[in-house]
Amino acid sequence: MRKIAMTAAGIAAAVIGTGVALAPTANAATTGTATACPSGAVCLREPNGSILSKNIWYSYGAHNLSNVIGSKVAINSQTGGAGFQICTGYNGTNCGPIYRDTGEYLPHDFTPINSIVLVR
């Protein structure tokens, strides 16, 4: 099994307010069977490697989550330094810090998360 390297900045990242710690991996492609997140989007990958169309976002602003539960991998494929935040409230409220590194982040339980905000 191949180990995934993490950036030092990502390991040190802690989310204020949500109690979530996300760390980007150094390599966006963790398996050959995983679905790729389209360029310019933020995606959530399922444990089986698939990305549901409802979990792909392109537009800046808040995106409320519906029936998104369990462990997911957040992927930032945006360009130009754009980032995302995860929020425990709907409509982009009670959010953690902005994650701007591109690539995959460590798996996280999205059960208590109610929205994702894409930021410039």
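In this predicted model, the largest nonpolar core comprises 14 residues. Those with the most contacts inside this core are Leu44, Trp57, Leu65, Phe84, Phe110 and Ile116. Three elements give two or more residues to the core: strand E1 (42–45), E5 and E8. A second, separate core has six residues, including Cys37, Cys43, Ile51 and Val73.

Leucine 44 illustrates the surroundings of one residue of the largest core. When its neighbours within four places in sequence are left aside, leucine 44 is in contact with Ser50, Ile51, Asn55, Trp57, Val68, Lys72, Val73, Ala74, Phe110 and Ile116. Among these partners, Trp57, Phe110 and Ile116 are also listed with leucine 44 among the residues with the most contacts inside the largest core. Two further partners of leucine 44, Ile51 and Val73, are included in the second core.

**Strand E5**

Strand E5 (residues 83–87) is largely enclosed by the rest of the structure, because five of its five residues are buried. Both faces of the strand are covered. Gly83, Gln85 and Cys87 are buried on one side, and Phe84 and Ile86 are buried on the other. Strand E5 runs antiparallel to strand E8 (residues 115–119), and five bridges join the two. Within this pairing, glycine 83 has valine 119 of E8 as its bridge partner.

Glutamine 85, which is found in strand E5, has a relative accessible area of 15% and is therefore buried, the limit for this class being under 20%. A polar atom of the glutamine 85 side chain lies 2.7 Å from the backbone oxygen of glycine 96. Leaving aside neighbours within four places in sequence, the contacts of glutamine 85 are Cys95, Gly96, Pro97, Ile98, Ser115, Ile116, Val117 and Val119. Ser115, Ile116, Val117 and Val119 in this list fall within the residue range of E8.

**Aromatic cluster**

The model contains three aromatic pairs. The ring centres of phenylalanine 84 and tyrosine 99 are 5.6 Å apart and the planes meet at 35°, so this pair is tilted; planes under 30 degrees apart would count as stacked and those over 60 as edge-to-face. The pair links distant parts of the chain, with phenylalanine 84 in strand E5 and tyrosine 99 in the loop between E5 and strand E6 (103–104), 15 residues apart. Phenylalanine 84 is buried, with a relative accessible area of 0%, and tyrosine 99 is buried at 5% relative accessibility.

Phenylalanine 84 also pairs with tyrosine 105: the ring centres are 5.4 Å apart and the planes stand at 90°, so the arrangement is edge-to-face. Because phenylalanine 84 lies in strand E5 and tyrosine 105 in the loop between E6 and strand E7 (108–109), the pair ties together parts that are 21 residues apart in sequence. Tyrosine 105 is buried, as is phenylalanine 84. Phe84, Tyr99 and Tyr105 form one aromatic cluster, and Phe84 is also one of the residues with the most contacts inside the largest nonpolar core.

**Disulfides**

A search of the whole structure finds two disulfides. With bonded cysteines counted along the chain, the disulfides follow the pattern 1-2, 3-4. The table gives the geometry of each bond.

| Disulfide | S to S distance | Torsion about the S-S bond | Handedness |
|---|---|---|---|
| Cysteine 37 and cysteine 43 | 2.1 Å | about 80° | right-handed |
| Cysteine 87 and cysteine 95 | 2.0 Å | about 95° | right-handed |

Cysteine 37 and cysteine 43 are both buried, and both are included in the second nonpolar core. In the other disulfide, cysteine 87 is buried at 0% relative accessibility, whereas cysteine 95 is partly exposed, with a relative accessible area of 22%. Cysteine 87 is one of the buried residues of E5, on the side that also holds Gly83 and Gln85, and cysteine 95 is among the contacts of glutamine 85.

**Loop between E5 and E6**

Two asparagines in this loop have a positive phi. Asparagine 91, found in the loop between E5 and E6, has a positive phi of about 60° although it is not a glycine. At 56% relative accessibility, asparagine 91 counts as exposed. Asparagine 94 is found in the loop between E5 and E6 as well, and its positive phi is about 55°, although this residue is not a glycine either. Asparagine 94 is partly exposed, with a relative accessible area of 45%.

How values were computed. Residues numbered from 1 in each chain as written. Predicted model: local features only at pLDDT ≥ 70, side-chain atom pairs only at ≥ 80, totals over all residues. Heavy atoms only, no water. Phe/Tyr/Trp six-rings, centres within 6.5 Å; stacked < 30°, edge-to-face > 60°. Helix = DSSP H or I, 4+ residues; strand = E, 2+ residues; numbered from the N terminus. Buried < 20%, exposed > 50% of the residue type's maximum accessible area, 1.4 Å probe, protein only. Disulfide = S-S within 2.5 Å. Polar contact = N/O pair within 3.5 Å; in protein donor to acceptor, adjacent residues only side chain to side chain. Contact = heavy atoms within 4.5 Å. Pairing = 2+ DSSP bridges. Core = buried A, V, L, I, M, F, W, Y, C linked by side-chain atoms within 4.5 Å.
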